[in-house]
Amino acid sequence: MTDPVETQHDPVATRHGPGRILIAVYGVFALSATARAGVQIATKFHEAPIAFLLSALAAVIYCAATFALAKATKVSRRVATAAIVVELIGVLAIGAFSYAVPDDFPDSTVWSHFGQGYGFVPLVLPVLGLLWLRRTR
């Protein structure tokens, strides 16, 4: 049986137990944000270039977090932490900005309105990610 203290220092711990669900959710968001940003940029970039580029940035951050959490090394934990912190700042800033200047967000993006179009999961996900990284530290 593994000692809980020993597991806490194991960088691979991020991809076990609830970490698998977290990685799966990040993977789904990486895929959906990438697809949505790609379609928005390809078909109506002229309508809201800043919003759609921010959507693409969100997709890149979700991809980075997914791969870093799944890789589960000491370096990838730092990458995951950085990506998730940027994600949290992004969803808070873009969420507030999309309410303050709604004309700049004529079409929903993954972080607009704090992720309302995605059931507010983009607002909760980075908090859960940071808590999981802290718990498996």
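Across the whole structure, which is a predicted model, a search finds 6 aromatic pairs. The tour starts with two of them.

**Stop 1: Phe97 and Phe105.** Select these two residues and show their rings. They form an edge-to-face aromatic pair, with 5.8 Å from centre to centre and 75° between the planes. Now switch on a surface. Is Phe105 buried or exposed? Its relative accessible area is 7%, and because the cut-off for buried is under 20%, Phe105 counts as buried. Phe97 has a relative accessibility of 34% and is therefore partly exposed.

**Stop 2: Tyr99 and Phe114.** Select this pair next. The rings of Tyr99 and Phe114 are tilted, with 35° between the planes and 5.9 Å centre to centre. Which parts of the chain does the pair tie together? Tyr99 belongs to helix α4, while Phe114 sits in the loop between α4 and α5, so the contact joins parts that are 15 residues apart in sequence. On the surface, Tyr99 is partly exposed at 46% relative accessibility. Phe114 is also partly exposed, with a relative accessible area of 22%.

**Stop 3: an aromatic cluster.** Select Tyr26, Phe29, Tyr62, Trp111 and Tyr118 together; these residues form one aromatic cluster.

**Stop 4: helix α5.** Select residues 121-135, the 15 residues of helix α5. At 1.5 Å a residue, a span of 21 Å is expected, and the C-alpha atoms at the two ends are 20 Å apart, so the two values agree.

Within α5, colour the buried residues: Pro122, Leu125, Pro126, Gly129, Trp132 and Leu133. They lie on the same side of α5, because the arc they cover around the axis is only 130°. Looking down the helix axis should make this arrangement easy to check.

Then turn to the face of α5 that points away from the buried side. Which exposed residues does it carry? They are Arg134 and Arg135.

**Stop 5: what α5 packs against.** Keep the buried residues of α5 selected and add α2 (18-44), α3 (49-71) and α4 (74-100). These three helices are the packing partners of the buried α5 residues. Helix α4 is also where Tyr99 of the second stop is found.

**Stop 6: confidence.** Finally, colour the chain by pLDDT. The chain average is 89, and 91% of the residues score at least 70. Select residues 3-9 for the contrast: over this stretch the pLDDT is below 50. Beyond near neighbours in sequence, residues 3-9 have 7 contacts in the model.

Definitions and conventions:
Residues numbered from 1 in each chain as written. Predicted model: local features only at pLDDT ≥ 70, side-chain atom pairs only at ≥ 80, totals over all residues. Heavy atoms only, no water. pLDDT = per-residue confidence, 0-100. Contact = heavy atoms within 4.5 Å. Helix = DSSP H or I, 4+ residues; strand = E, 2+ residues; numbered from the N terminus. Expected span 1.5 Å × (residues − 1). Buried < 20%, exposed > 50% of the residue type's maximum accessible area, 1.4 Å probe, protein only. Arc of directions from axis to C-beta. Phe/Tyr/Trp six-rings, centres within 6.5 Å; stacked < 30°, edge-to-face > 60°.
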